[in-house]
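Trainee: I have a structure on my screen and want to learn to read it. Can we go through it feature by feature?

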Amino acid sequence: MRPSPSLSLLLAASAALTGHNVARADETSSGQYAGYRFNVYSEDALSAPSLGDPRRYEVYSQQFLLNTPVGDRNTLSVNATHEVMSGSSPWYVIPGPDNKPIQVLSGATIRDHRSAATVAFTHARGGNDTTTVSTTYSQERDYHSAALGAERSLPLNSALTLGFGGSFSHDRIEPFEANLYDRIQRAKKNTTSAFASLSLVLDRVSVVESGIQFNYQTGYLSDPYKQVSVGDTLDPDTRPGGRGEAAWLVRYRRAFGENAALHLDSRLSANSWGQHSLTLEASWYQSLRGGWQLIPGVRYYSQSRARFYAPFFAAGSGPDFSSDYRLGAFGAAAANLNLRKRVGHWEFSAGAERYHAGTGYAIGGADSADPAVVSYTRVFAGLDYHFD
Amino acid sequence: MRSNAKLRRSSRRIEHALRWVLALAALACLGGCATQTVQPWQRGRLARWDMRWDPDPLQAAMNQHAYFSKEGTSGEIGAAGGGCGCN
């Protein structure tokens, strides 16, 4: 059964908030279709002084999605991803002349593959009352992750829909060359999440959604491939064994006439490592003649540093310390453009994103250097087939 | 003495949190008052593909994976899992 257009929207509006790797209920509400995407991700050379292999990270990704009804009330969604990654990785930071940080990159080029699959099953009880269960498995040579999730969408009245759910993931890491570099042999990490959202139809052309999420991670949360300069020695990256995070997200959609729509998204988060972040996104969907669609978008992100982050540490520091650039204070501005063209059952898409990061973008500035923040360019293309 | 000071600090934190909750509730009420009743036959524009939360789920997943692997606190609201692919 193909949902009516209004039902599709209601399903989308109510399902709303799901994870970045778990099939969304609004995917499952759009009828039978198959999609393929090819992405190329390429990092810029570091702007800060660095030592080691200068070839930065490149990722070639392929994604495949099949979305199909099962009976009158159920939808099955299968999503597969394969990535090939190569390039040098930030390793540790040493103090240079005048204590300016010098980033040391891994000497040997890392080459790895990641394969992931998600299967999601959605049952619709009628209207936009749906329940989705999903499972994901992801595998790299040194990293395995398995996750289970469930979510419910419950209409409260004709305008208001409640969504809620939870998930659990278990990750296992077995680092390369553990003996050679004195890395941990193997370790585990668990993540538990709970989330809830309310979506509200404001009027005939606009809808808003607000949601909260809580995550709690336990286990080995350090990066076994990173080290830290502590005085005159190099020590393993060492982080606390638990991390709690709360996030608040608001999304707004507004139609302008018959051919355009505005998307505004915001996200605020805080975690128990002392980091706060703000994300703002805006996109404009413009339909053009002949089945073409142009979608420009911008994104801004800012985060504060974790309380145990510094480029390098004085002797006697600890017990937790990390020089991982992802834990420092920085911000990023990004712009993207996507072009789509529908021809019969087929739909072609292509686009690009430019992402530029730096400590200067951080709200309130950064009180310590972060020499390995990443700027990158992505290009992507895809093809969808709609069966109905 | 020390426990009284702790208690006062805790009370202040709870009051502060309650103020935020009340402010958000007031905002939500204002939002509710601002809505119009929209009948099912008036939802044509709301039902369009470009009005979905994520019109292209494959692209949205890849975007989130790129941000998640390079930023310390990013990620959409939703279920966790899916591996790293980080460096």
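Mentor: Start with the word strand. Strands here are DSSP runs of E, at least two residues, numbered from the N terminus. Keep in mind that this is a predicted model.

Trainee: Which strands each supply at least two residues of the nonpolar patch?

Mentor: Strand 18 and strand 19 (330–343) of chain A do. The patch covers about 410 Å² of surface. Its members are A:L288, A:W292, A:L294, A:L337 and A:L339. Take A:L337, which lies in strand 19 of chain A. A:L337 counts as partly exposed because its relative accessibility is 45%.

Trainee: How do I read the pairing of strands?

Mentor: Strands of a sheet pair through backbone hydrogen bonds, either parallel or antiparallel. Look at the open sheet of three strands in chain A, with the order 2-6-5. Its pairing is mixed. Strand 2 (50–51) and strand 5 (90–95) of chain A are the edge strands, each pairing on one side only.

Trainee: In which sense do strand 5 and strand 6 of chain A pair?

Mentor: They are antiparallel, over five bridges. For a landmark, find A:I94, which stands opposite A:I102 in strand 6 of chain A.

Trainee: Where can I see hairpins?

Mentor: Go to strand 15 (residues 242–256) and strand 16 (residues 260–271) of chain A, which run antiparallel and are joined by twelve bridges. A:A246 has A:A270 as its bridge partner in strand 16. The two strands form a hairpin with three residues between them. In the turn, A:G257 has a positive phi of about 65 degrees.

Trainee: How many bridges join strand 16 of chain A to strand 17?

Mentor: Eleven, and these strands also run antiparallel. Strand 17 spans residues 276–287 of chain A. There, A:Q286 stands opposite A:A260. This hairpin has four residues between the strands. A:G274 takes a positive phi near 90 degrees in it.

Trainee: Now a single residue. Is A:Q303 buried or exposed?

Mentor: Buried, because its relative accessibility is 2%. A:Q303 is found in strand 18 (residues 292–303) of chain A. Its side chain makes a polar contact with the side chain of A:Y301 at 2.6 Å. The A:Q303 side chain also reaches the backbone oxygen of A:R326 at 2.7 Å.

Trainee: What else does A:Q303 touch?

Mentor: Leave out residues up to four places away in sequence. Then its contacts in chain A include A:Q275, A:H276, A:L327 and A:F330. A:Q303 also touches chain B, at B:E71, B:G72 and B:T73.

Trainee: What about residues in loops?

Mentor: Try A:S368, in the loop between strand 20 (346–358) and strand 21 (376–386) of chain A. A:S368 counts as buried because its relative accessibility is 17%. Beyond its neighbours within four places in sequence, A:S368 is in contact with A:R305, A:Y309, A:P311 and A:T359.

Trainee: How do I read salt bridges?

Mentor: Side chains of opposite charge can pair when their charged atoms come close. The structure holds 28 salt bridges over all chains. One of them joins A:R55 and A:D53 at 2.9 Å, N to O. A:R55 is exposed because its relative accessible area is 54%. A:D53 is buried, with a value of 11%.

Trainee: Which parts of the chain does the pair A:D171 and A:K189 link?

Mentor: The salt bridge itself is 3.9 Å, N to O. The pair links distant parts: A:D171 is in strand 10 (residues 160–173) and A:K189 in strand 11 (residues 187–201) of chain A, 18 residues apart. A:D171 counts as buried, at 7% relative accessibility. A:K189 is buried too, with a relative accessible area of 18%.

Trainee: Where does the salt bridge of B:D54 and A:R251 cross between chains?

Mentor: Its N to O distance is 3.5 Å. The pair runs from the loop between helix 1 (2–33) and helix 2 (57–70) of chain B to strand 15 of chain A. Both residues are buried.

Trainee: Which residues do salt bridges that share partners join into one network?

Mentor: They are A:D223, A:K226, A:D237, A:R239, A:D324 and A:R326. Look at A:K226, in the loop between strand 12 (206–219) and strand 13 (227–230) of chain A. A:K226 counts as buried because its relative accessibility is 4%. A polar atom of the A:K226 side chain lies 2.8 Å from the backbone oxygen of A:P90.

Notes:
Residues are numbered from 1 along each chain as its sequence is written. Chains are lettered from A and ligands numbered from 1 in the order in which they are written. This is a predicted model: local features need pLDDT of at least 70, side-chain atom pairs count only at pLDDT 80 or more; totals for chains, interfaces and linings use all residues. Side-chain values use heavy atoms; hydrogens and water are left out. Buried means under 20% relative accessible area, exposed over 50%, partly exposed in between (1.4 Å probe, protein chains only). Contact means heavy atoms within 4.5 Å. A polar contact is a pair of N or O atoms within 3.5 Å; within protein, one must be able to donate a hydrogen and the other to accept it, and residues adjacent in sequence count only if both atoms are side-chain atoms. Two strands pair if DSSP finds at least two bridges between them. Patches are made of residues with over 30% relative accessible area and no salt bridge: like charges are joined within 9 Å, nonpolar side chains (Val, Leu, Ile, Met, Phe, Trp, Tyr) within 5 Å. Accessible areas come from the Shrake-Rupley method with a 1.4 Å probe; for residues, only the protein chains shown count as cover. A salt bridge is a side-chain nitrogen of Lys or Arg within 4 Å of a carboxyl oxygen of Asp or Glu.
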